[in-house]
Amino acid sequence: MGDRMTTITVNDLEIGAGAPKIIVPVVGKTYAALLEEVHFLQNIDFDILEWRVDHFQDVADIEQVKQAASQIKAIMHDKPILMTFRTANEGGVYPATTEFYLNLNRQMIASRLIDLVDIELFIGDEQVKEVVRFAHQHQVIVIASNHDFDKTPSQHEIVSRLCKMQDLGADIAKIAVMPRSTSDVLTLLAATAEMKEVHAKVPLITMSMAAKGAISRIAGETFGSDLTFGAAKNASAPGQLDVKDLRQMLNILHQSLA
Ligand SMILES: O=C1C[C@@](O)(C(=O)O)C[C@@H](O)[C@@H]1O
C-alpha cells in the first residue's frame, strides 16, 4: 500500500488518510428548497457537500445552474463542493443524453464554482479521459463512479472497474452496489480491501447500499474506503446514515484503530 497511495488535499481537507471523510448530499428541486438545505448544513459537522444537480428542476438552464452553484459556494465558504449529475441509468432522476451530460459537466468545471466533479465510468473511456484532462486544466478533482442499484457484481468485477477508473486518470474511484444477501456485503468489503492493499493508487469510495449494507458506510478505515456519504436533511440513496451518528461512529472506530 504505502508507496503507491497518494492522498488528495482540497481546501485543506486531506482525503485518503485518517478517518473516512463525510460527504453530505443536497437534493433540492427548486432554488428555494436547495438553498434551505444548504443553509441547514451550516450547523452540521461534515467535510464535503455533494450537489445532486440531477434533482434540480432548472438543470437544463446552465445560467440557473451556475447561479445556484455560486450561492452554494457563498454559503459554504471553503467547504469543498462536489457536483454530481447522476444519470437515470445509475439512480439519477433526470433523463439526459450523453451530450447534455458532458456539456453540463464541462461548463461547470470551466466555471470553477465546484471543487470536485463526479463522472460515470460507463459514459465511455475516451469521454472520461477527456473530462479528466479538462478538469485538471481547471484544478477540479474527478471522482469516477459506478452504481448498480440492482445487484452486487463479483469481487473481481468490482476491482476491475475501480482499477479502470484510476487507469483513466480519475483522482478518486467510487463504486456503490446493492446487496441481495449478507455475503454480497462481504464481497464489496473484500473487493475494497483487495483494491486498497494491492492496486489502489488513488483514494476510494465504496459502499454496499440499503440497510443491509450500512456497515460498509462506517467501516471504511478498516477496509479501505476513504470517503462515505451521510444524510442531513434528505438522503440521496438507501442506507445512508444520519451524519451526526456517522461522524461519531467513524471517530470511535478511528480511536480504536489508533
Ligand atoms: O454515488 C453516490 C453514492 C450514493 O449513491 C450512496 O449510496 O450513498 C449517494 C449519491 O448521492 C452519490 O452520488
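## His147 and its surroundings

In this predicted model, His147 has 22 C-beta neighbours inside 10 Å and therefore counts as buried, the cut-off for that class being 20 or more. The residue is found in strand β7, and, once its neighbours within four places in sequence are left aside, His147 is in contact with Glu90, Gly91 and Ala176.

## Lys174 and the annotated site

Lys174, which lies in strand β8, also counts as buried, because 25 C-beta neighbours fall inside 10 Å. Leaving aside the neighbours within four places in sequence, Lys174 is in contact with Ile143, Ala144, Ser145 and Ile205.

An unreviewed UniProt entry places the feature "active site" at His147 and Lys174. The annotated positions span 28 residues in sequence, yet no two of their C-alpha atoms are more than 8.5 Å apart, so they gather at one spot. The annotation comes from the record and may be inferred rather than shown by experiment.

## The shell around the ligand

Among the 16 residues around the ligand, those that come nearest are Pro25, Ala176, Phe229, Ser236 and Ala237. Two or more residues of this shell are given by each of the elements β4 (48–52), β7 (141–148) and β8 (172–177). Strands β7 and β8 thus appear both here and in the annotated site, where β7 holds His147 and β8 holds Lys174. Ala176, one of the residues that come nearest to the ligand, is also one of the contacts of His147.

In character, the residues of the shell divide into 6 nonpolar, 5 polar and 5 charged.

## Helix α2 and its packing

Helix α2, formed by residues 62–76, has 15 residues and reaches 21 Å from its first C-alpha to its last, which is close to the 21 Å expected at 1.5 Å a residue. Its buried residues are Val65, Ala68, Ala69, Ile72 and Lys73. Seen down the axis of α2, these buried residues fall within an arc of 140 degrees, so they line one face of the helix.

The cover over the buried residues of α2 includes α1 (31–41), β4, β5 (81–84) and α3 (98–111); of these elements, β4 is also one that gives two or more residues to the shell around the ligand. On the other side of α2, by contrast, Glu63, Ser70 and Ala74 are exposed. The helix is followed by His77, whose phi is positive, near 55 degrees.

Key. Residues numbered from 1 in each chain as written. Predicted model: local features only at pLDDT ≥ 70, side-chain atom pairs only at ≥ 80, totals over all residues. Near = placed C-beta within 6 Å. Helix = DSSP H or I, 4+ residues; strand = E, 2+ residues; numbered from the N terminus. Nonpolar A, V, L, I, M, F, W, Y, C, P; charged D, E, K, R; others polar. Expected span 1.5 Å × (residues − 1). Buried ≥ 20, exposed ≤ 12 C-beta atoms within 10 Å, placed from the backbone. Arc of directions from axis to C-beta. Contact = placed C-beta atoms within 7 Å.
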